[in-house]
Amino acid sequence: MSDYYEFCPNCDANLTLQRGYDNNLPYWVCLGCGQMLINPDMDNESDIIWRCDKCGALLNIQEGFDEESEVFVCRKCGFENKLDESNLYESEDERIMDSNNPYKGLSDDAILELSQYKDIRVVSDKGNVVLIEDIEKGHIYIKKFLETYDRSIYEYFMNNPIKGMPRIISLYESNNCLIVIEEYILGKTLEEKLEEGCMSMELALDVAKKLCVILNVLHNLNRPIIHRDIKPSNVILCENGDVYLLDVNVAKWYESDKCNDTRYLGTMNFAAPEQVGYGFTSSSEKSDIYALGVLINVLITGAFPKEKRVEGSLWPVIEKCMSLEADKRYTAMELLKTLEEIEHFE
């Protein structure tokens, strides 16, 4: 192996160790930071780097490419690219910034509507959830930038509000994401509550029962909706005891004839086996019951069932919620009644 190494000038990644790299290539996209690099030792025919608008592949090095053409079909993905110099970027940084712009592609009307809101602060680690204020009315809302979503799910909730879930105020779809304006719920997430310590069984069961009521509505719609991401950070407990189920970005319409999910989505340790490709069917309403069973255990013990189990008569209930065979789990209403009986017995 050569002792000579080349490094990305942007992130210092070792280019020599990147699969497919060859210093005889005229261009290279660093696998560390995504930066486009031009080989200064190569006599490139053009100072312009042309990339496919769909897959990002370099067009310059593809057979038959001619930048004098008005259109070129990418040999990698088949997308028809229009070679228009009016849309060129001055630098790679400018291109990356534009490609990450969540507002790119929005209509002037949409931009005008969004301008009525003032950002207050970012409220998520990823930076994609922002607390905002309606400048004219003074109302507080939440603005989300979603890359994973089913727009039809959000449209349904906007037109058909569900008690126990934040109201969807408006939706805007850009080239890069779905921008959601929704009701701001004042309270603490269960994740925040757990930072203060485990819950009493009484409080945990009260939260679980209220979630059962919400899930019962979702699961019994004419076209059922499966939430698929029930976890402490997606549930808010208000001071008056109200419970709200948040974030439906990975929710899906239930299709009984599907044997598998098209995409495996969910949160590790809360997602049912069928959500991650290990079940016997596609995710269904019983997938939400699995996650709710895990959640109850976590609220009371502070740990996942595989680490520490709840004690007493509640464990068999959680165990049934988490059955590997979805058909053996409770429905939301069955679980609600069972929890009511346990609470009364306890």
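## Close-ups of a predicted model

**View 1. K143 and D119 meet in a salt bridge.** In this predicted model, the side chains of K143 and D119 pair up, with N and O 3.0 Å apart. K143 sits in strand β7 (residues 140–146) and D119 in strand β5 (residues 117–122), so this contact ties together parts that are 24 residues apart in sequence. Is K143 buried or exposed? K143 counts as buried, at 5% relative accessibility. Its partner D119 is partly exposed, with a relative accessible area of 46%. This pair belongs to a wider set: the count comes to 13 salt bridges.

**View 2. E196 reaches K188.** Here's another of the charged pairs: the side chains of E196 and K188 form a salt bridge, 2.5 Å from N to O. K188 is partly exposed, and its relative accessible area is 39%.

**View 3. D229 and K231 form a salt bridge.** The closest N and O atoms of D229 and K231 are 3.6 Å apart, which fits the rule because the cut-off for a salt bridge is within 4 Å. How do the two partners fare for burial? D229 is buried, with a relative accessibility of 9%. K231 also counts as buried, at 18%, since the cut-off for buried is under 20%. Elsewhere, K144, E182 and D247 are joined into one network by salt bridges that share partners.

**View 4. Helix α6, mostly under cover.** Take a look at α6, which runs over residues 285–301. How far should its 17 residues span? At 1.5 Å a residue the answer is 24 Å, and the end C-alpha atoms are 25 Å apart, so the two agree. How many residues of α6 are buried? The count is 16 of its 17, so the helix is mostly covered, given that buried means under 20% relative accessible area. Right after α6 comes G302, and its phi is positive, near 80 degrees.

**View 5. The largest cavity and its lining.** By the rule used here, the model has 1 cavity of 30 Å³ or more. The largest cavity holds about 80 Å³ of space. Which residues line it? The lining is made up of Y154, F157, M165, P166, I168, E182, L245, L246, D247 and V248. By type, these lining residues split into 8 nonpolar, no polar and 2 charged. Two names here may ring a bell from View 3: E182 and D247 are in the lining, and they also belong to the salt-bridge network with K144.

Methods. Residues numbered from 1 in each chain as written. Predicted model: local features only at pLDDT ≥ 70, side-chain atom pairs only at ≥ 80, totals over all residues. Heavy atoms only, no water. Helix = DSSP H or I, 4+ residues; strand = E, 2+ residues; numbered from the N terminus. Buried < 20%, exposed > 50% of the residue type's maximum accessible area, 1.4 Å probe, protein only. Expected span 1.5 Å × (residues − 1). 1 Å grid on protein atoms, 1.4 Å probe; cavity = no way out; pocket = protein on both sides within 12 Å on 5 of 7 lines; lining within 4 Å. Points joined across faces, edges and corners; volume = space filled by probe spheres on them. Nonpolar A, V, L, I, M, F, W, Y, C, P; charged D, E, K, R; others polar.
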